[in-house]
Amino acid sequence: MQNIDWSKLPFGYFQTDYNVRCYYRNGKWGEIEVSSSPHINIHMAATCLHYGQEAFEGMKAYLGKDGKIRIFRWEENAKRMQRSADGILMARVPEELFHTMVSKAVKLNEHFVPPHGHGAALYIRPLLIGTGIQVGVNPAKEYLFMVFVGPVGPYFKEGFNPVKMQIVRDVDRAAPLGTGHIKVGGNYAGSLFASERAKAEGYASVIFLEAKEKKFIDEAGPANFFAIKGKTYVTPKSPSILPSITNMSLMQIAADMGMTVERRPLAVEELEGFEEAGACGTAAIISPIGTIVDRDSGKTYTFGDPSAAGPVSTRLFKKLQAIQYGDEPDPHGWVSFVE
Ligand code: PLP
Ligand code: COI
């Protein structure tokens, strides 16, 4: 294995030793297969290539000081992948199969799990695709579920330092009654144009608005949005947001810290009154947001000291990571071990 500088890992693809696969054919899931090839062989008329029958998940495995490998709330990812499958008519991956394959992929690549103390983790990417052939717009009859893994650092290169984000109105990530609430590839395709433009204009990411009225905040690129005012944690509620497992956990941690948690439509004008803002997700962990610029009006919102993470975001970040890495007790039973 090459020498890895664990504290400088980017968020990206990293070739590891093995991945695991399972095929759904004739109405049932087959045997789990282990592969050392990063390639798959699929028919050119597979529905994933034409009609977007594709869903994925993002999870992480963390190495504790005790040498044990922990996975965070895998049941929630398994359930969300089932909701994604239901939403675009793919075969559901049973929870037990999901867990077995995730655990196997981590175990087979355990020497790639970053050592404790570098802020890095082993990213786990479960992927479900329609492999059956169709030329008419119909769901496939065959599916492939795969899990690959690779060590990563935080999603935004700034790590736990404030980023700048841009509100846009000329692109919607998802429609109110579309697929924004499930984790399917099409949502990400729809976000690419605005994301790349935002990066070229000097921002880490885009803040997408709810598409109907464009008054309320939906998501912060590939992460949920939250904001802090005094002892209140506010996060948007909308039918087109992906329910983030990180956000769900932060809401609980905030409540445990005695904060009030509000999940409700969050209007853009309200941004003015917040002391802190952040993006949260498995890949992003917590990314403090220092500045938000409205691309149409040019209006700029700043949160606390835009060059340093705010105190509440810092407490939330530390607590979440302490649970994930096993440094502090896990009062809600979120962590499970890979044996
Ligand atoms: N929102 C979007 C659009 C995402 O892609 C992700 C990443 O999974 C999240 C939010 C965060 O979700 P989670 O905390 O479950 O990783
Ligand atoms: C995650 O947070 O796991 C994601 O899937 C975000 C992104 C890389 C799509």
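**Close-up views of the two ligand sites**

**Figure 1. Ligand 2 and the two domains.** In this predicted model, the shell around ligand 2 takes at least three residues from domain 1 (6-152) and at least three from domain 2 (163-325). The surrounding residues are Phe11, Phe56, Gly58, Tyr123, Arg125, Tyr155, Lys183, Tyr188, Pro222, Thr282 and Ala283. Sorted by class, this shell consists of 7 nonpolar, 2 polar and 2 charged residues. The space that ligand 2 takes up is the largest pocket.

**Figure 2. Polar contacts and burial of ligand 2.** Two side chains and one backbone are shown with oxygen atoms of ligand 2. For Tyr123, a polar side-chain atom is placed 2.7 Å from an oxygen atom of the ligand. In the side chain of Lys183, an N or O atom is 2.8 Å from an oxygen atom of ligand 2. Thr282 takes part through its backbone, where an N or O atom lies 3.5 Å from an oxygen atom of ligand 2. Ligand 2 taken alone exposes 280 Å², and the protein buries 90% of that area.

**Figure 3. The shell around ligand 1.** Ligand 1 is surrounded by 16 residues, of which the closest are Tyr188, Glu219, Ser244, Thr246 and Thr282. The shell divides by class into 6 nonpolar, 6 polar and 4 charged residues. At least two of its residues come from helix H5 (245-256), and at least two from strand S15 (276-281). Ligand 1 sits in the largest pocket.

**Figure 4. Polar contacts and burial of ligand 1.** Three side chains are shown with ligand 1, those of Lys183, Glu219 and Thr246. A polar atom in the side chain of Glu219 is 2.5 Å from a nitrogen atom of ligand 1. The side chain of Thr246 has an N or O atom 2.5 Å from an oxygen atom of ligand 1. For Lys183, the separation between a side-chain N or O atom and an oxygen atom of ligand 1 is 2.7 Å. Taken alone, ligand 1 exposes 380 Å², of which the protein buries 97%.

**Figure 5. Lys183 between the ligands.** The side chain of Lys183 has an N or O atom 2.7 Å from an oxygen atom of ligand 1, and an N or O atom 2.8 Å from an oxygen atom of ligand 2. Tyr188 and Thr282 are among the residues around ligand 2, and both are also listed among the closest to ligand 1.

Conventions
Residues numbered from 1 in each chain as written. Chains lettered and ligands numbered in written order. Predicted model: local features only at pLDDT ≥ 70, side-chain atom pairs only at ≥ 80, totals over all residues. Heavy atoms only, no water. Near = heavy atom within 4 Å. Polar contact = N/O pair within 3.5 Å; in protein donor to acceptor, adjacent residues only side chain to side chain. Areas by Shrake-Rupley, 256 points an atom, 1.4 Å probe, with all protein chains shown as cover. 1 Å grid on protein atoms, 1.4 Å probe; cavity = no way out; pocket = protein on both sides within 12 Å on 5 of 7 lines; lining within 4 Å. Sits in = over half its atoms within 2 Å of the grid points. Nonpolar A, V, L, I, M, F, W, Y, C, P; charged D, E, K, R; others polar. Domains from an automatic or database assignment. Helix = DSSP H or I, 4+ residues; strand = E, 2+ residues; numbered from the N terminus.
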